[in-house]
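Okay, thanks for making room for me on the agenda. I'd like to walk you through one structure, so have a look at the screen and I'll start with the ligand.

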Amino acid sequence: MTRPAKIGAAAALAQLEGWTGADGKDAIEKTYRFADFNAAFGFMTRVAIEADKRDHHPEWFNVYNRVEVTLTTHDCDGVSERDVQLAKFMDAIAG
Ligand SMILES: C[C@H](O)[C@H](O)[C@H]1CNC2=NC(N)=NC(=O)C2=N1
């Protein structure tokens with residue numbers, strides 16, 4: 001796979017809704033809230049399968065119905081188009 005180009009958080013955020021830039025690093029963040037743990041974990045399961053197919057994985061933290069997600073690309077030390085595409089996938093299935 002080719003090395004992804006760094007586009008930066010600002011360029012990514014211009015293409016997304018509900019995401020913000022992370023403090024102190026080039027990354028984007030979003031907090032999703034679901035009806036309950038079952039819905040949150042279902043979302044995480046669907047994202048995990050897709051992320052593994054893409055070889056592009058989220059950093060995330062879950063408590064009950066809340067899932068806090070951070071996306072960045074280690075391979076370019078910042079935000080790349082891969083983060084935008086995974087963010088769009090998450091938004092599409094989050095409902
Ligand atoms: C070796 C492996 O392909 C890389 O470490 C992949 C795996 N998952 C990844 N996930 C994310 N978010 N960023 C990466 O740069 C990345 N790189």
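**The ligand and its surroundings**

So, one nitrogen atom of the ligand sits 2.8 Å from a polar backbone atom of His-57. Keep in mind that this is a predicted model. There's also a ligand nitrogen at 2.8 Å from a polar backbone atom of Thr-72. And an oxygen of the ligand is 2.8 Å from a polar backbone atom of His-74. As for burial, the ligand on its own has 390 Å² of accessible area, and the protein covers 69% of that.

Who else is around? The surrounding residues are Asp-55, His-56 and His-57, then Thr-72, Thr-73, His-74 and Asp-75. How many of the shell residues are nonpolar, polar or charged? There are no nonpolar ones, 5 are polar and 2 are charged.

**The sheet**

Okay, on to the strands. We've got 4 of them in an open sheet, ordered β1-β2-β4-β3, with antiparallel pairing. Why do β1 and β3 each have one side without a neighbour in the sheet? Because β1, residues 20-21, and β3, residues 59-63, are at the edges and have a single partner strand each. And just as background, strands of a sheet pair through backbone hydrogen bonds, parallel or antiparallel.

Let's zoom in on β4, which is residues 66-71. With β3, the strand β4 pairs antiparallel over 5 bridges. If you want to follow the register, Glu-59 has Thr-70 as its bridge partner in β4, and Val-63 stands opposite Arg-66. With β2, strand β4 also runs antiparallel, and here 6 bridges join the two. Arg-66 turns up again on this side, with Arg-33 standing opposite.

**The helices**

Now what packs on that sheet? Helix α2, residues 37-54, lies across β2, β3 and β4, and runs at about 160 degrees to β3. Then there's helix α3, residues 81-94, which packs on the sheet and touches β2, β3 and β4. The direction of α3 makes about 10 degrees with that of β2.

**Two backbone oddities**

Last bit, for those of you who like backbone torsions. Most residues other than glycine have a negative phi. Which residue in the hairpin of β3 and β4 takes a positive phi? That's Tyr-64, with phi near 50 degrees, and the hairpin has 2 residues between the strands. The other case is Asp-77, which isn't a glycine but has a positive phi of about 55 degrees. You'll find Asp-77 in the loop between β4 and α3.

So if you take one picture away, make it the ligand with its 2.8 Å backbone partners at His-57, Thr-72 and His-74, alongside an open sheet of 4 strands. That's me done, thanks!

Notes. Residues are numbered from 1 along each chain as its sequence is written. This is a predicted model: local features need pLDDT of at least 70, side-chain atom pairs count only at pLDDT 80 or more; totals for chains, interfaces and linings use all residues. Side-chain values use heavy atoms; hydrogens and water are left out. A residue is near a molecule or strand if one of its heavy atoms lies within 4 Å of it. A polar contact is a pair of N or O atoms within 3.5 Å; within protein, one must be able to donate a hydrogen and the other to accept it, and residues adjacent in sequence count only if both atoms are side-chain atoms. Accessible areas come from the Shrake-Rupley method with a 1.4 Å probe; for residues, only the protein chains shown count as cover. Ala, Val, Leu, Ile, Met, Phe, Trp, Tyr, Cys and Pro count as nonpolar, Asp, Glu, Lys and Arg as charged, and the others, Gly among them, as polar. Two strands pair if DSSP finds at least two bridges between them. Contact means heavy atoms within 4.5 Å. Axes are lines fitted to C-alpha atoms, for helices over the stretch in contact, and angles run from 0 to 180 degrees between N-to-C directions.
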